[in-house]
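Student: Please choose one part of this protein and take me through it slowly. I would like to know how the part is put together and what lies around it.

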Amino acid sequence: MNLRERIARRRSAHRTRGLVVDRDHLSPTVHRPEPVGRGPVLEELLDVFEPVFDGTLPDPVAVVGPAGSGTSAVVTALFDALNDGVGTSDRPIGTTTRSGSTEPITRFVYVDARRTESAFAFYRTVLAEISGESVPESGVGTDDLRDRLRDRFERRDRRAVVAIDHHDEPETIAHDRATELLEPVADSVTTVPVGQRAPDGWSGSTVRVPAYRDHELVDVLTDRTSTGLAAGAIDHEYVRDVADWADGDAHDALAALFGAAVTASEDDADRIAGRHVRQAMAAVPEDGVHVDRALALADSRQRVLAHLVSIDGRDRPIRDAAEEIAARSSLTAGTVKRFLYELADRGVIERVPLAATDGGSGRRPSGVEPRFPPLLFRSLSAVADETLSEGGS
């Protein structure tokens with residue numbers, strides 16, 4: 001963080017007089033432009049991408065790492081810097097008839113597969129990254145977007161490196177599907193699958209992002225709290241406690257700090273106390289999923305999750321939870337129940353067995369609980385905030 005940022009943070013803190021200066025800096029869904037503690041990984045990836053400086057395409061590479069290791073942060077930061085560094089960030093890849101420049105252009109394109117489930121959405125995302133023209137959201141077909149993409153790469157000196165992040169999660173575009181969609185421009189594109197594992201049958205090189213060591217995670221959290229919280233809002237010992245508890249997972253660590261800050265603010269406390277930290281850590285599910293998995297869902301599913309979080313569906317049968325959620329919304333109980341089963345299949349929530357109520361005969365009922373941090377979801381989802389502010393209407 002540079003000196004100007006430090007001054008701006010303190011100035012903002014004096015204006016707001018609150019614990020939280022900028023919650024984005026505490027959120028695991030927001031990546032820093034220069035990831036802390038990931039220098040060696042960035043250097044290894046730069047070695048892979050070095051051919052672009054000679055005007056050629058690099059070989060495909062998979063970027064893999066455990067949950068919370070920062071694979072997305074590393075790739076987005078590096079792609080932004082490379083687009084600037086090779087001098088093409090403001091030079092779109094135009095069609096052959098409109099491209100006046102004779103210099104080779106390579107664009108680094110980031111595709112978030114959580115939000116890119118269809119072929120149309122995939123083509124639109126890639127085109128929006130490489131084209132200087134607006135890309136329609138509707139009114140055209142998938143074939144039209146594919147043809148537009150082919151036109152952009154008709155010149156042999158127009159290339160792209162395309163990262164497909166979260167390719168290995170349920171209901172996202174898998175790497176094999178992405179390469180199939182890019183087949184018309186295969187000679188001009190290199191793909192970079194990013195996730196917790198490489199694609200099945202992967203034969204390219206792999207760069208592994210290790211879990212954070214405790215001292216590295218402390219540095220990450222210190223960097224985030226120094227810009228996200230007012231000066232002196234949290235003791236450093238609590239930051240170390242969170243880092244030790246998170247066991248290398250930056251998502252869980254940031255979720256706990258975010259929750260502690262929200263809880264302390266709701267208590268009208270002027271500092272984050274140990275009880276706030278312990279309460280926030282206890283609210284982060286063990287072996288859970290990234291909160292962005294829930295935030296990437298359609299609005300209707302997010303509303304159901306917001307109600308589920310507010311009623312705590314763990315200790316009641318799914319049918320009963322669905323009926324209460326339906327009573328609070330415009331959905332039918334049948335629709336809510338279907339959504340809950342769908343979300344359980346996707347791994348966003350988890351079915352938990354309940355004690356039998358009929359003396360042990362028959363199938364045991366099950367409840368559901370979120371696998372994402374509920375407090376973080378409520379704070380970051382505009383749909384959840386809108387739903388809960390309705391007061392259960």
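Tutor: Let us start with strand β1, residues 61–64, which runs parallel to β5 and is joined to it by four bridges. Strands here are DSSP runs of E with at least two residues, helices are runs of H or I with at least four, and both are numbered from the N terminus; two strands pair if DSSP finds at least two bridges between them. The model is a predicted one, in which local features need pLDDT of at least 70 and side-chain atom pairs count only at pLDDT 80 or more, while totals for chains, interfaces and linings use all residues. Residues are numbered from 1 along each chain as its sequence is written, and side-chain values use heavy atoms, with hydrogens and water left out.

You can follow the pairing residue by residue: Val 63 has Val 207 of β5 as its bridge partner, and Ala 62 stands opposite Thr 206 in β5. Ser 205 also belongs to β5, and its C-alpha atom is separated by 6.4 Å from that of Ala 62, although the two residues are 143 residues apart along the chain. If we leave aside neighbours within four places in sequence, Ser 205 is in contact (heavy atoms within 4.5 Å) with Pro 60, Val 61 and Ala 62. The side chain of Ser 205 also reaches the backbone oxygen of Pro 60 at 3.5 Å.

How exposed are these residues? Ser 205 has a relative accessible area of 37%, so it counts as partly exposed; the classes are buried under 20%, exposed over 50% and partly exposed in between, using a 1.4 Å probe and protein chains only. In β1, by contrast, both faces are covered, with Val 61 and Val 63 buried on one side and Ala 62 and Val 64 buried on the other.

β1 has a second partner, since it also pairs with β4 in the parallel sense, over two bridges, and there Val 64 has Gly 195 as its bridge partner. Stepping back, we find that these strands belong to an open sheet of five strands with parallel pairing, in the order β2-β3-β4-β1-β5. The edge strands, each pairing on one side only, are β2 (105–112) and β5 (205–208). Direction ignored, neighbouring strands of this sheet are turned by 20 degrees against each other on average, with axes taken as lines fitted to C-alpha atoms, for helices over the stretch in contact, and angles otherwise running from 0 to 180 degrees between N-to-C directions.

Moving across the sheet, β3 and β4 pair in the parallel sense over six bridges, and in this pairing Asp 165 stands opposite Val 194 of β4. On the way to the edge, eight bridges join β3 to β2, again with the two strands parallel, and Phe 108 has Val 161 of β3 as its bridge partner. β3 is mostly covered, with eight of its eight residues buried. Arg 158, Ala 160, Val 162 and Ile 164 point one way from β3, whereas Arg 159, Val 161, Ala 163 and Asp 165 point the other way.

What lies across these strands? Helix α2 (residues 39–49) lies across β1, β2, β3 (158–165), β4 (189–195) and β5, and runs at about 160 degrees to β5.

Ile 164 brings us to the nonpolar cores, each of which is a set of buried Ala, Val, Leu, Ile, Met, Phe, Trp, Tyr and Cys residues joined through side-chain atoms within 4.5 Å. The largest core has 60 residues, and among those that touch the most other members are Leu 217, Leu 221 and Phe 372; helix α9 gives the most to this core, with 11 residues. Apart from that core lies another, of 23 residues, whose members include Ile 164 together with Val 109, Tyr 123 and Leu 181. In soluble globular proteins, nonpolar side chains tend to be buried together.

Finally, to place the sheet within the whole, the protein has 16 helices and seven strands, and 49% of its 393 residues count as buried.

Conventions: Polar contact = N/O pair within 3.5 Å; in protein donor to acceptor, adjacent residues only side chain to side chain.
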